[in-house]
Amino acid sequence: MLPTAEPIASPALSTISLLRKLAFAGVLLAFAVVVLGAYVRLTAAGLGCPDWPGCYGHLTPLGAEQSVATGASLSGPLLDVDKAWHEMIHRYAAGALVLLIVLIVALTSLSRLSPVRPRYALGLLATVVAQAALGMLTVKWQLTPLIVTLHLLFGLGTLTLMWWLWLTLRNHLEPRHAWRSRATESKDALQSRTERRARMLAGLALVSLLTQISLGGWTSSNYAAVACPDFPTCQGSWWPAMDNREAFVVWRTSTANYEGGLLTGAARVAIHFTHRLGALIATCALLLAAVYVLCCRGLRHMHAAAMVVLVALVLQLTIGISMVLWGFPLWLATAHNAGAALTLLAVITLVYQAQRLTQRSGGAPWRSVMPARAFKPNAHDAMRQAAHRRCCGTSSTNVVGRTCRS
Ligand code: HEM
């Protein structure tokens, strides 16, 4: 009979539990910030408030409106209240996200029992601060495409780090998610090869998806959507006339306002068309990774994540194509951004689970997030080890999951 387990130190568990809740709130908030950012971009409200961090020098567009009502003149373009609100709501949400991340970092560094590596928490803080700085530059440099695209990528980077943190903490707290396959010593060569391939394909899927998202940001920030108003052809051609050289000049010294885009038609066609080709490559890479995982019985614990990747991919492609066929309605263009974020989270989950395969033998997947002093297999394992110690009188670390026979 298994002895009853010793309780885990409750302060440690409550810290982890609180951090997990904060991380989940952070995931929701980061998702909202990314989608609101797209909405601002697509409603041409990026310069709705031409200064930063305030709006025409006020905390809210209400203040700017009152200034106009009292006859005061505002510096900058004419005030458009709707656009100003779009921009400011995005900034408020981003500000709340920064505060939440500061809270996570403070909790991590102040609590001796913190299960998160300070380095990871600081990386998270650095990413969101960079995102905020890019938000400021987006306004100051009048929607320069490189800055707008980087702003999107850093937003998705913050979302990814939050999601990874949440996955790790959930894994730590809930043993049913802490999948563990056969012990390394009993793992045969075939299983090792399968796991290695799964890791490689998941990594490849992530790289191709990030490239495709960057191309999407470039399409949007250069206002190249309408350059190809038909599908599957572009301007009635399977291979339209394009100006690739002009299309991918990453940095321009011009200080002009980029709203509406400055590139020639042929350059915009090149950008949009490349995004479509990128979709083809990313689709192949994601399909390959997901189908490989689904075909391997030894990777059963990853099947659900692979299914979610497939569903997210189909959804994203459907949204992208419908957007072109229906003449780029705003709601579909915004949904396309949300779809990209969800596809990214699905692929990240696949990478996370593939990563866990590597670390079963020498360490644990949360090592990159958890500090060495807080490193425990997980709450469930700790209970089983305590039970084993009482039963067998040893403190072997190799007993997790085995029945005590002595
Ligand atoms: C794996 C597939 C795809 C991914 C991950 C992806 C991702 C993205 C992203 C992140 C953006 C930037 C959105 C923003 O403004 O924030 C974008 C823009 C865009 N994508 Fe995709 N995309 C994919 C497939 C497609 C397909 C198949 C099409 C059309 C055939 C398409 C057409 C567009 C267009 C037209 C824009 C510009 C939207 C605008 O500025 O109004 N995408 N994409």
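This report covers the packing of helix α2 and the nonpolar cores in a predicted model.

**Helix α2 against α3**

Two packed helices are described by the angle between their axes and the distance between the axes. For α2 (residues 61-69) and α3 (residues 81-110), the axes come within 9 Å and cross at roughly 150°. Angles over 145 degrees count as roughly antiparallel, so α2 and α3 are roughly antiparallel to each other. On the α2 side, P61, L62 and E65 make the contact; on the α3 side, V81, A84, W85, M88 and Y92 do. By class, this contact has 7 nonpolar, no polar and 1 charged residues.

**Two sides of α2**

P61, G63, A64 and S67 are buried in α2. They cover an arc of only 155° around the axis, which puts them on the same side of the helix. The buried residues of α2 pack against α3. Exposed residues Q66 and A69 sit on the face turned away from the buried side.

**Nonpolar cores**

In soluble globular proteins, nonpolar side chains tend to be buried together. This model has two separate cores to compare.

| Core | Size | Residues, among them |
|---|---|---|
| Largest | 63 residues | L156, L165, L299, V347, L350 |
| Second | 7 residues | W218, A224, L263, I271 |

The residues named for the largest core have the most contacts inside it. Elements that give two or more residues to it include α1 (10-42), α5 (145-173) and α6 (189-221). Helix α10 gives the most, with 12 residues.

What is V347 in contact with, leaving aside its neighbours within four places in sequence? The partners are A202, A205, L206, L209, L286 and V309.

Notes. Residues are numbered from 1 along each chain as its sequence is written. This is a predicted model: local features need pLDDT of at least 70, side-chain atom pairs count only at pLDDT 80 or more; totals for chains, interfaces and linings use all residues. Side-chain values use heavy atoms; hydrogens and water are left out. Axes are lines fitted to C-alpha atoms, for helices over the stretch in contact, and angles run from 0 to 180 degrees between N-to-C directions. Helices (H or I, at least four residues) and strands (E, at least two) are DSSP runs, numbered from the N terminus. Angles under 35 degrees count as roughly parallel, over 145 as roughly antiparallel, 65 to 115 as roughly perpendicular and the rest as oblique. Contact means heavy atoms within 4.5 Å. Ala, Val, Leu, Ile, Met, Phe, Trp, Tyr, Cys and Pro count as nonpolar, Asp, Glu, Lys and Arg as charged, and the others, Gly among them, as polar. A nonpolar core is a set of buried Ala, Val, Leu, Ile, Met, Phe, Trp, Tyr and Cys residues joined through side-chain atoms within 4.5 Å. Buried means under 20% relative accessible area, exposed over 50%, partly exposed in between (1.4 Å probe, protein chains only). The arc is that of the directions from the helix axis to the C-beta atoms.
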